[in-house]
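Reader: Before we discuss any details, could you put the sequence and the structure in front of us, so that my questions can be followed residue by residue?

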Amino acid sequence: MGNHQKILNFLRSDPAAVAACSPRSFSSSSASVSDDDGYSCSSYPTTDGDASPSRYGGSSTPPTPKSPWAHLPGLGAGGAVAEPGATGLIASLVKEDGHVYSLAATGDVLYTGTNSPNVRVWRDQRELAGFRTASGLVKAIVVADDGRIFTGHQDGKVRVWRADADNPAVHRQVGSLPKLKDYLKSAVNPTSYVETQRRGRQRAVWLRHSDAVSSLSLDEGAGLLYSASWDRTFKVWRVSNSKCLESVSAHDDAVNTVAAAGFDSVVFTGSADGTVKVWRREMAAKGDATKHVLETVLRKGEGAVTAIAVSPEDRVVYVGSSDGLVTYWHWVDGEARYGGVLKGHKTAVMCLAVAGNVVVSGSADRTLCVWRRDGAEHVGLGVLAGHTGPVKCVAMDEEAAVAGSGGDRRFVVYSGSLDGSVKVWRLSDAEAETATTVRVTERTAAAAPAQPSQVWRGQQAPSPYAEAWAPCHTPELKRVRVAAA
């Protein structure tokens, strides 16, 4: 993943963060016929509250003082920068008076979406670029293998971007889903209208989401993009031509998350109605359209489903919910088999990420819990504490092996919070080897809880940044438990 030697600190809390932590909402901007298919360069200097430059040169100079984002000084022993390869909090990116709703990491590049119309691009300890979208609240970001960036928005659209080949600091919009010409063609056909669940039972063209896009997922092998929405549907898009192949009325309440498994043509959706559904993709008889058939209902519960993450290599599905639990299933011989429950959070799980054999969950309790998967078993590695608001989004990437690591696998975790910060952490999958661990298989009962091997915390910022720092007063998570229901 490259060198993630970045500067670290914490940031002050945002009193409005907790009030904004719900994964679903039915208030959204109205869907207008206007679109932004007139593609042009969007990486000119933008404003995000204050004037903010959107691209920077090759020097190590941070963004100008007017930028709403700040990089605070590194904190190691005695205020020194952390040693290369050290685990724990290694960087903190701060945005004044804002909430981080989405992020995506690819290689050494990080994309962040907030409650402004701007998407920020980060590389090598500094803000590389920024591009302005036509809608605020960037709720989801995914990056394709070919470099295209897909962003999901509050206005129900998905926008497509690409970095300039000669200047990666310049990003251009190259499309939107649905394309304007496809939308207009459908708008004149009365059979293209469906009833929506919005107030007043309005009718809308089926091609476009009638409420906010809550989640995006790519199936690279199939060349498909999945978008989930609070309008209770998920849609299937052909990446090559931006064509909407299918719209599925999936749940009885807002769809908060969608995840393409990457195996067996399976897709998972999770909803505020408390269910997780498994859909199998089939090719429709007509043209290149798809047909998704409901395979099974994986979960029914009182708590809303807020996040789904899949490990395609090991075929394990993780589901986060508002009751603070992470439930997992193993996909064996074409069907899901219940694995167990990871208990670590006091309040709602809001995001999940999986890389290699490590899974990370972020919560409204302001912490992240880390587990290592050993076959059918899980080991609690520790807790990442430092955010002062709910952790809304998380992404991870495995670092290349480095000399002196002893063969340990190391991961970089990016966590975005409603406190307005993105924190960067480095983890090792061997952190728990010296601690008492909890191992649970599918057939065993819950084992006695164990203390996490690590609670990673930052250090208080020295002057002159002390006033911008507020310690996290959330009670420390006492233990990480793995239990079978």
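Reader: Which residues form one aromatic cluster?

Author: This is a predicted model, and the structure holds seven aromatic pairs. One of them is the edge-to-face pair of phenylalanine 234 and tryptophan 279, with 5.5 Å centre to centre and 65° between the planes. The residues that form one aromatic cluster are Tyr226, Phe234 and Trp279.

Reader: Where along the chain do phenylalanine 234 and tryptophan 279 lie, and how many residues apart are they?

Author: Phenylalanine 234 belongs to strand β17 (residues 233-238), whereas tryptophan 279 belongs to strand β21 (residues 276-283). Both phenylalanine 234 and tryptophan 279 are buried. Their pair links distant parts of the chain, the two positions being 45 residues apart.

Reader: What is the angle between the planes of phenylalanine 268 and tryptophan 331?

Author: A pair of aromatic rings is described by the distance of the centres and the angle of the planes. For phenylalanine 268 and tryptophan 331 the centres are 6.0 Å apart. Planes over 60 degrees apart count as edge-to-face, and this pair is edge-to-face, with an angle between the planes of 90°.

Reader: Is tryptophan 331 buried or exposed?

Author: Tryptophan 331 lies in strand β25 (residues 325-332), and its partner, phenylalanine 268, lies in strand β20 (residues 266-271), 63 residues apart. Phenylalanine 268 counts as buried because its relative accessibility is 0%. Since the cut-off for buried is under 20% relative accessible area, tryptophan 331, with 5%, is likewise buried.

Reader: Which are the edge strands of the open sheet of four strands?

Author: This open sheet has the order β5-β6-β7-β8, and its pairing is antiparallel. Neighbouring strands in the sheet are turned by 20° against each other on average, with direction ignored. The strands that pair on one side only, and that are therefore the edges, are β5 (100-106) and β8 (126-132).

Reader: Which residue in β8 stands opposite arginine 123?

Author: Strand β7 (residues 118-123) and β8 run antiparallel and are joined by six bridges. Across from arginine 123, the residue standing opposite in β8 is arginine 126.

Reader: Which residue does a cis peptide bond join to leucine 177?

Author: Most residues other than glycine have a negative phi, and most peptide bonds are trans. Here, however, omega is about 0° for the bond that follows leucine 177. The partner sits in the loop between β12 (171-177) and α1 (180-187), and the residue joined by this cis bond is proline 178.

Reader: Is arginine 232 buried or partly exposed?

Author: Arginine 232 is not a glycine, although it has a positive phi of about 80°, and its place is in the loop between β16 (224-229) and β17. Because its relative accessibility is 22%, arginine 232 counts as partly exposed.

Reader: Where is aspartate 333, and is it buried or exposed?

Author: Aspartate 333 has a positive phi of about 50° without being a glycine, and its place is in the loop between β25 and β26 (335-343). With a relative accessibility of 71%, aspartate 333 counts as exposed.

Reader: What percentage of the 485 residues in the protein is buried?

Author: The protein has one helix and 35 strands, and its accessible surface comes to about 19200 Å², of which 49% belongs to carbon and sulfur atoms. Buried residues make up a share of the 485 residues equal to 56%.

Definitions and conventions. Residues numbered from 1 in each chain as written. Predicted model: local features only at pLDDT ≥ 70, side-chain atom pairs only at ≥ 80, totals over all residues. Heavy atoms only, no water. Phe/Tyr/Trp six-rings, centres within 6.5 Å; stacked < 30°, edge-to-face > 60°. Buried < 20%, exposed > 50% of the residue type's maximum accessible area, 1.4 Å probe, protein only. Pairing = 2+ DSSP bridges. Axes fitted to C-alpha atoms, helices over the stretch in contact; angles between N-to-C directions. Areas by Shrake-Rupley, 256 points an atom, 1.4 Å probe, with all protein chains shown as cover.
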